[in-house]
Amino acid sequence: MVCNDGDLQPMRGQILRCKKMDIPSFADATKQGALSYVINRTEDCIIGGTDYVNDYNLSVEESDTEIIVNRLLANGFSQRKPEIIEEVVGLRPKRASVRFEFDPQHPNIFHNYGHGGAGFTVAWGCAIELAKEITL
């Protein structure tokens, strides 16, 4: 158990690292179980995703790759298929609510996790809030 947190669950995420695309970065979590996003980076882009809770499968699933690509195309985010460089699978920390607090037993440790599939997009805001709280 991580951080003695019984509410923490693994969330399996599969993403595609692709050649840079000529579309803006976005995240669409409006459809339950159909998370879609593109994160443009300097040399490539990340396209996702999946969000299977309590799934420890770390194998790349071709069916998930197809789901990710089909969502990108079907929702009109892109007119062409991405050029896939790499398919990656990992586990993300998920909770019913984000843990955002100092550890009661270790005051020098701050917990900021449990964002699940939205970690990249919302953890930044949480970190900014923490920076406002800390006095050096």
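Let me start with the aromatic cluster, which in this predicted model is formed by F100, F102 and F110. The count of aromatic pairs comes to two. In one of them F100 and F110 are arranged edge-to-face, with 4.9 Å from centre to centre and 85° between the planes, and this pair links distant parts of the chain, given that F100 belongs to strand 6, residues 84-102, while F110 belongs to strand 7, residues 110-115, with the two residues 10 apart. The rings of F102 and F110 have their centres 4.8 Å apart and their planes at 80°, and because an angle over 60 degrees counts as edge-to-face, that pair is placed in the edge-to-face class as well. F110 therefore takes part in the pair with F102, having also been the partner of F100.

How buried or exposed are these rings? F100 has a relative accessibility of 33% and counts as partly exposed; F102, at 43%, is likewise partly exposed; and F110, at 23%, is also in the partly exposed class.

I would now like to turn to the salt bridges, of which the count comes to nine, and I will go through some of them. R95 and D5 meet through their side chains in a salt bridge, at 2.8 Å from N to O, and here the link spans distant parts of the chain, since R95 sits in strand 6 and D5 in the segment before strand 1, 90 residues apart. Both partners are buried by the cut-off of under 20% relative accessible area: R95 has a relative accessibility of 13%, and D5 has a relative accessible area of 6%.

A salt bridge is also made by the side chains of E86 and R17, at 2.9 Å from N to O, and this pair too connects distant parts of the chain, with E86 in strand 6, R17 in strand 1, and the two positions 69 residues apart. In this case the partners are partly exposed, E86 at 36% relative accessibility and R17 at 24%. These two residues do not stand by themselves, for R17, R41, D44 and E86 are linked in a network of salt bridges.

One further example is the salt bridge between the side chains of R99 and E101, at 2.8 Å from N to O, where R99 is buried with a relative accessible area of 10%, whereas E101 is partly exposed with 35%.

The network includes D44, and D44 brings us to strand 4, residues 44-48. Which of its residues are buried? Five of the five are, so the strand is largely enclosed by the rest of the structure. In a regular strand the side chains alternate between the two faces of the sheet. For strand 4, D44, I46 and G48 on one side and C45 and I47 on the other are all buried, and both faces are thus covered.

What does strand 4 pair with? With strand 1, residues 9-19, the pairing is antiparallel and runs over five bridges, and within it C18 has C45 as its bridge partner. With strand 3, residues 36-40, there are four bridges, and these strands also run antiparallel; here the bridge partner of V38 is I47. Strand 3 and strand 4 form a hairpin, with three residues between them.

Let me add a few words on the backbone that follows. G48 and G49 are joined by a cis peptide bond, with omega at about 5°, and G49 lies in the loop between strand 4 and strand 5. Beyond strand 5, in the loop that leads to helix 1, we find N54, whose phi is near 60°, a positive value in a residue other than glycine. N54 counts as partly exposed, at 44% relative accessibility.

That same loop, between strand 5, residues 52-53, and helix 1, residues 62-74, is also the place of Y56. Y56 is exposed, because its relative accessibility of 57% lies above the 50% cut-off. Together with L58 and L91, Y56 makes a nonpolar surface patch of about 330 Å², and with that patch I will end.

Technical notes: Residues numbered from 1 in each chain as written. Predicted model: local features only at pLDDT ≥ 70, side-chain atom pairs only at ≥ 80, totals over all residues. Heavy atoms only, no water. Patch = residues over 30% accessible without salt bridge, like charges linked within 9 Å, V, L, I, M, F, W, Y side chains within 5 Å. Areas by Shrake-Rupley, 256 points an atom, 1.4 Å probe, with all protein chains shown as cover. Salt bridge = Lys/Arg side-chain N within 4 Å of Asp/Glu carboxyl O. Buried < 20%, exposed > 50% of the residue type's maximum accessible area, 1.4 Å probe, protein only. Pairing = 2+ DSSP bridges. Phe/Tyr/Trp six-rings, centres within 6.5 Å; stacked < 30°, edge-to-face > 60°.
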